Every structure is written in structure tokens, then in C-alpha cells.
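Colleague: Could you take one part of this model, the open sheet and what lies across it, and walk me through it closely?

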Amino acid sequence: MPPQSTLLLAATARSIQFPHHKHGTRALATAVHKFKSVGIRREDKSRWERRAPLTPEAVERLIKETGARVYVQPNSNAAPGNSSTRGHLAGATIQEDLSPADIILGIKEVPIPSLLPDKTYMYFSHTHKGQHYNMPMLQNVLDKVKRWGLNHDPFMHLALVTQNVRLIDYELMTDAKGKRVIAFGKFAGYAGMIDGFHGLGNRLLGLEHSTPFLNIAMSHTYRSLASARLAVQAAGNAITDEGTPKEFGPMTMVFTGGGNVSQRMPHEYVDPKDLKKIVEDKNARLNKIYATEVNVQDYLRHKDTGSFLSHEDYYANPQNYVSDFHTQIAPYATMVVNGAYWDARCPRMLTTTQLAHVQRAAPERMIALADISCDIQEMDDECLDGWMREGAFEFTSHSTPIDDAFYYVDATKGVEHKDVESSGTQVMAIDILPTELPLESSQHFGAALLPYVREMVKSHHHENATLHNATIAEAGKLAPKHEALYALLGGGGTPGVKVNVDKTPAGKKNVLLLGSGFVARPLVDYLLRQGEARITIGECERLLVGCLATGDNLAQGRPDTNVVGLDVDDKESLGRLVSGADVVVSLVPAFLHPKVAQACIDHRTHMVTASYVSADMRKLDESAKAVGITIMNEIGLDPGIDHLSAMKLIDEVQGQGGKITSFVSWCGGLPAPEVSDVPLAYKFSWSPRGVLTAGMNDARFWMGGKVVIVLYATLVPGVHVSPKLQTIPGENLLRHHFPTVPIPFPGFAFEGLANRDSLTYVDAYKLGPIESMDTMLRGTLRYRVSGSGDPRLKEKCGVGYADLMYAFRRLGLLNTDIQAGGRFGSWMTDSLLGLSSGMRHSDDTRISAVADKLDLPKSHAMVGTVVEALRWCVVPLNIDPKIPIIHRLSLLPTALSISSPAAPATPTTALAPLDAFCGLLSHKLQYNAGERDMVVLHHEFGIRARDGREETRTSTLISYGSFESYTAMAKTVGLPAAMAAEMIIRGVCWGGTCQIPERGVLTPTMPHVYNPILEGLETEGVRMVEKTVSRAAGASRPAWGGNGVWK
């Protein structure tokens, strides 16, 4: 394992010469040396961090041997043996303030606000390899230099004293032979082995086999290592007595890089060459574990000779070797425990493709991987083999938290999931394993550290070579052997001066893309084409309904990209991802954006998102300003290009002394007309859930000089209500749609929905006061289908999007309450219609129930249309394996299926009706090969010029896409977001001139934002066309209120 580092420094006094002295000069005496005091930090990086650099026993020894004062921050989260209460009994002073201490000890990185000047710090800083996520902290260490003027020491001698932070990193503390003297390594092995046994037991139970492994818990649940060993001993005794399941053959454990089975587990060590023979032996013993330790010569071969030449040749030329782990080792391993050192130049031990080969050939093998080395991108330095950009096991894609330690990889389907009962290899990659055994690991670590702390307390100089070599920074300068880090800090190699923090290696900035869905591809391609970005793709859980794209597909064949697992609800792992980025582009569902934004604030990282500014996001404005970051929102299509194009024309009119008297804007992402022949006349080119929930938002707009409000139950507080004010329950937004939208293109027939609160853009666009305007409306376009708008709908079959979606809402299919859906024990609509689950129901019974729910006569044409649409939603059994959540879900069976007394298989987990329905529609309404989508954006402006002339101008975008290249929706959402991110990384505001200098929660309504993005979009083929269409002022006023179908 590579070494780590920390630095110790003492305040220095300088000799100053005074020409008036009778001898011409006088060397001033330095301050009298005294023993230094020690502070011990409370660990605050993770709630699981319960270790301490010195135990109470070590503190007591230090105090007795040196007389030093020791200050310990109170910590109720520490392991019992490390608690601050015991520290008090050991003679330490328990207090929050560590400023009296000269030397401050910790385990993990110290947050920037907690770094105190004029201190020596010792901790795992994770900086010496250039880890960019900690470069801001290293910069702060250098920035702590304060040069005082002349002061008086106790002897009244003048001295010029330099204050600074001195950093010693434990990882770099080595002996004369380069071997680390301070480490937690072996406790990572202990905890990893215990956790591996626990995971194996759960996995085997998920495969319907109970084994003694199940009685071994996670290592953090035991009060001590001794208690854990007793549990392993009991499980070992049970294996001796009962054996292991014969269905899996002999249990084999493969160790890479050293390690061994606990002596408390019955086992036999064998040669790796004998694994195949043991596994294929029909009489192999099942009451013990077969263990083997493999080295590189056991699974690597030279590309030319076909055999392993020598260790010397391999270490000199690792690129000449390939791995046969997938044929020689993995097919005969029950569990692999990985502790091997791995370098990015070396062949991977096992790729994801090779894992798929193993899973097909030997499904009862390679059940689990306990990846103790956790060789993943920017992993924790405490794991056995240091920080790597790639891993020996390619499918170890991300670290796992202690309380959610396992995930599963089904390489045959390209799926990563959390279902212990589904197919796949279990992976554990906890990157802070030693903290699961906090007491023993602290005792071991503290015993090794104490002699060095004792020497620092007593000594005023850097006489100890180990401490000197572990120094990273001192007196505002990097130590000579670490001066290469100046380039990563952006300081051009000039020591001793403040440098600007650049979070990434020179040349390229790090972009973290959260979400890999429909619109991500053009965003990634655009940023890569500019040659200025490295992109990390944080991929959503693949089980999310409607999450069809994968990060692996997005990264495939693209340089400077990599994929990591993403769980936005895991604050610690999200923080690690965000801290390493220069800008975050968030394409996750909108309700998760505030969590991402908070992480960006915590780590001073800029953010871009295409979603609307929610109330929760708006609350973060002051916090974002306080830390100096830009959070650019609403930079997609709608919202996004609509803002850019509207503000361009508005600013031009107002710049010429004119006035906008009315503004109507419509936007829609739709299938091209030739592929719109589906019940909703709609297909998904962006988030399916986002589409469905958009029809349930409150809306407010101004038309004909009055406010129109769409809300759930009450009027918007503070809104003036005139006698002509129309109030519509917000739950009926779909019902009270615009039946006809007058777009000036005769080839299109559209209907529309009011889009959220249009009045908020009066101020954003600087159009006010609202009373001076005739119309202010923003809406969403959908196709108007044959028959829509006809009051004699009884005689028609065709209905538009809004009426059909409103019918679905009345049936309960848009309900977001999980309790309303449950586990769907029978046909979905049976449950929602109040019919008995799991029973036979006739067509007539179901149709009558549908009519009752819709509050329409059974003979009404809308009832028939809705029934046919529900039947059309039947999904075949061979549903896409990337959405394993739903196996089959029939909304309303045909007569042919009524004969079956059993309901079709339904979601395997509790889902809200909305999510289940979303999963269905995401398959039924997906684009097929050769089909294309379309985006329509149309503004109409009523204008009064400076001289009183009135006119109407339009600004229109009609864009077609294809699923062979980019969809129109992906282009028009992804490209603006990419260009905003590009503007930020080109002027990252820790360094050069900012292209977006504003801070806080923003929208793209500034000329220096919208002009360059509009120009860039035109270069990419996305162009708004402006026209003056009429000399009469005022935009169109479409009628609204629906078709009159609903009571």
C-alpha cells in the first residue's frame, strides 16, 4: 500500500540585526522552548467514524511522560473505549475549543472552516497524490500564513514570528526502508472478512439456502473484535457439524494480495491449480472451506508467449500481460476477497464482460466479491491499496456505505441492482472498513503514533526523519518533494504565495453529470468536443421506473468519461462526488435538485440544471451567494431556450424605448406527426414521470386584463380578485385545457395546458407592472386529435391528450400515494376501481366501473375510448430487463384474458399508481427504430413602440430529431445546459475571469448568458426565427376551459 503523509512544524523566530548596537549587530534570542500541548479532534466527516488517533490510555501515558496538556473535543459518537468521558479520567481537558493546542491530531480530513492558524496538524489529508477534491483544503493550509510585526517575547527581546498551519500526513510516515509505520490496514482486512461472511450468508439466503454464515453480523455491530471472533467461531462449528449447501458444491474462498480465512472457520488451504479439481470432485467435503491465495503468476500470461515470464518482466511491462482470472480462478470461486495492489497500467483481474462469461458458464460460482482494496475512482486512502482511477474488478463501480454495504451485478444483462434474491454477483466495497472496529483499530494506531507525538511534544525541531519526510506543507509553502502540487493549485509553481484553487489537473475541468437519461448524450458530446472537460457520469439506480438509458452506454466509446454509482439520498457519497467537480450538471428528477444544490454549497461547487427553480431551491439563494457559487437553473428547452429567446427580443424592444404589452409562449416536445398514432398522441423523449406529473401542477396566468388562477383548493394569497376572476380547482388542470392553440402553422393542430405560474416571469423578464399588460401566459403544447373540441363528443372516438390524461387521473392512475397502489395483488384497475382483487370480472363489470369513476354514462364515447386505451396498455411478458420492477401489468384485460382466474404478475415492490403507470407508458410510448420526435417553441409578443406604433412579433423554433442521432428534445435540453456548464468551466471563478459572474440561484435572463448560448445553439442547428406578423398589438388569446366533456 502506498505511503500517506502529514506535517509537523513549530513557530520560528528570526534573528534581526540592529545597526545601533555597539557591536554593529545583535542576534536576538529566540523564544524559550516549552513543551507543546496536544488537541484531539472530534471526527465529523461521517457518523460511522468512531476512531480516535490516541485512546484514553495513550493520552494518560502522554500526560504522565511529558506533562503536556491534552485537549479533547467532546464526542458522544465515539466508541466506548475512545469516548471523551474516559479522556477526562485520563487527565485530558474536555472542551470544544482546541485553539490552546499546539499540535492537533485527527483521523480524517479537517474541514476548511475548522483549520486554525499556527497549528501542527496530523491526519490523513488525502492530498499528496493530487486528489483534486482536497486541493481547496490544501490551499487553505497554505493560506493560513500570517506574518506579525515586531512583538516582545517574555525576555523583552524583539522577534518576528511567522504563524502557519503545518501538515503531517500519517500515510507518508515511513521507516528507512519505506515501510509505513502508521496504518489501519490489517483492521480493514478483519472487518472486510467479517462483513464478507455476513454478506455471503444473506446472499445464500436470497438464493433460498440458510447457512451458518447468516449468523455472522456486520463487524460494526460487535462491541469488540473478540465478540466478532466468537460469532465466527460459532458459525465455523456449525459448518463443521452441518456442512454447506450441496447445491453450491464445496465452498471456496480466493484471496488476492494476501489474507487468510479466520482460524475459527474450518478450512483447508489448497494450491490455486487444484481449485478446478476440488470443485468438480463429486465427493468433496462440505463441512469446511477450501481457501487459496492467488498471485499474479496464477492468472496472468504474456500476450506473446502465453505464459507468465517473471515478476521482474511483469512489473516492468505490465501492458504486455492479459488476465485469465475468468477462466482459471473465478469459475471455481464461491467468494473472492480482494486485497491486491493494482495499478492503472496493469490488466484488470476481471472485467464486466468476463464476469458475464463466468455467470453464464458457472452460475453457482462467483457468488460474492469482498473488495477490501476498494480500487475505484478516487477511493479512500485507508483502503489497502491507495487511490486509483480504475479498479482490478471493473464492476466495482462505487464504494458502499456501511449501512448499505452490498449491491449486485448481473453482467449478463448489464444490470446493477440491490435485490438480494435476483441474479448477479454480490459486491461489497466499503472504503472505511477500519472504523467498523473502532476500539481495536484505535488501540493499534495509537500505540504506533504515540512515540512520534511524544517526540513532537518534547522537541522544538524536525530531528525525526519520519516526521520530516511526512511533511506536506509548512510556513505557507509545500515541502520540496510535493512542489508538483502547485500546478494542481493553479499557482504556477511559485512557492510561498497565495494561489488560485483549480480543482482539476491542469488543462481540463471536471464535470460531474448526475443522471444518464434521455437528454444527456448531446450534453456529453458537446463538452467533450470542446476539449476542456473530463466527465464523471453519476448513474441513477437502474431499477428506477422509466430510467432507460445507462451511464455505461453513454460513456462507451467516449474518451475522458467514467461512470460511478449515484444515490442522491446518500449525503456522504454524494458529497464525495461533488467535492471533486468544478461544476455539477444535475439531470436527476427535479425534486432531488435541492439535495444536490446543498451538496454543491457544502463543497463550493458550481451547479447547472435544466429544471424550474422550486421553492426549496430558492431558499438556498443566500447560502449559495455566501460561498460564492453559481447555481444556474432553467437552462434547457422549457424552461431554458424559451427564456433566452424571450429575453433577447424583450431587451431589444425595451432598449429602443418600447413596451411589451402581451406575451404568450407555447412549447411542447412531441412525436413527429407521422408517428403520433397512439392513444395519447404522445411519446416520451424526456423523463416519463416528469411528463405525467406536469399535468398536476398549479398554474396562474393573466389574460384579457384579469388574473386566471389554477390551484388546488384556495386562491393564491394576496392576489386581487375581480368580479370576472375565474377560479379553477388545480386538480382539474387537464380538464380545463386550451382546446385549440392558434399556432400560425396550418399543418399542425394543437391543444394546450397552462404551465405553472406565468406571473413570476413578469418580474424575471422585467415586464411589469402586470396591470399594464393584456396577456401573460406560458403553456405546454399537445396534439389536438380528431373529435377534440366537438361538443358532440358522444358521437366521436377521438380525444386529445388532456382529456384522456384527465380520465386516467380520475381513475386514480396518477395517484402518487404508495398506499393507493400497494403491491397490486390483482389487475391494477381492479384495485383502483374498487373491484375485488384476484377474482374474475366480466368486461361489462369493468366498463361499468370505469364509467362510474369517470362520472359519465356507460354509452358515452369517452368511456369507450378510455377502455380501449387501457387495453392498449398491456405490456408483454418479455419486458425490457433494464426495468425488472415490472414483470407484467394489464390495466384492463380483454375478454380473452378474463377466463384466467389469476391476476397477471405485477410489480414486485410497493409502488404508487403513478409510478406503475409510468413504467407501463415508458414502454408503450417509447420511440421505435427510425422514428423521430419534434420540438415546437412559439412566442407571441404584443409590442407598443416608443412612437406609439403597435405590432405583434413572433419567435419560433421547430426542430426535428431522430433516435439514431439525437432527439430534438435531447438537443434542445442538453445543449443549453452544456453551454452554461462550458461558460462556467471556462471562467471557473476560483481562477480566471468569470463568464457568469453572478452568484446564487439564477435563471439565464442576463444578456451575457443568453446571447452566447443562442449563438452557440444556432451553430448547432437550433435556431429561433423571428417575424413581425401583424401591425395590430397584442398576442392571441386562446379560449380555455376544456371541451365540455366533463361534468
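Modeller: In this predicted model, strand β17, residues 368–371, and strand β20, residues 425–428, run parallel and are joined by three bridges. One residue pair shows how the two strands are matched, for A368 has Q426 as its bridge partner in β20. Both strands belong to an open sheet of eight strands with mixed pairing, whose order is β12-β13-β11-β16-β17-β20-β18-β19. At the edges of that sheet stand β12 (267–269) and β19 (415–417), each of which pairs on one side only, and from one strand to the next the twist averages 20°. Helix α4, formed by residues 185–206, lies across β11 (251–256), β16 (335–338), β17, β18 (406–410) and β20, and its direction makes an angle of about 150° with β20.

Elsewhere in the chain, helix α31 (residues 1007–1019) can be checked against its expected length: with 13 residues at 1.5 Å a residue it should span 18 Å, and its end C-alpha atoms are indeed 18 Å apart, so the two agree. Within α31 the residues V1009, Y1010, I1013, L1014, G1016 and L1017 are buried, and because they cover an arc of only 165° around the axis, they fall on the same side of α31. Those buried residues pack against β28 (630–632), α20 (641–655) and α30 (968–986), whereas E1015 and T1019, on the other side of α31, are exposed. After α31 comes G1021, which has a positive phi near 90°.

Technical notes: Residues numbered from 1 in each chain as written. Predicted model: local features only at pLDDT ≥ 70, side-chain atom pairs only at ≥ 80, totals over all residues. Heavy atoms only, no water. Pairing = 2+ DSSP bridges. Helix = DSSP H or I, 4+ residues; strand = E, 2+ residues; numbered from the N terminus. Axes fitted to C-alpha atoms, helices over the stretch in contact; angles between N-to-C directions. Contact = heavy atoms within 4.5 Å. Expected span 1.5 Å × (residues − 1). Buried < 20%, exposed > 50% of the residue type's maximum accessible area, 1.4 Å probe, protein only. Arc of directions from axis to C-beta.
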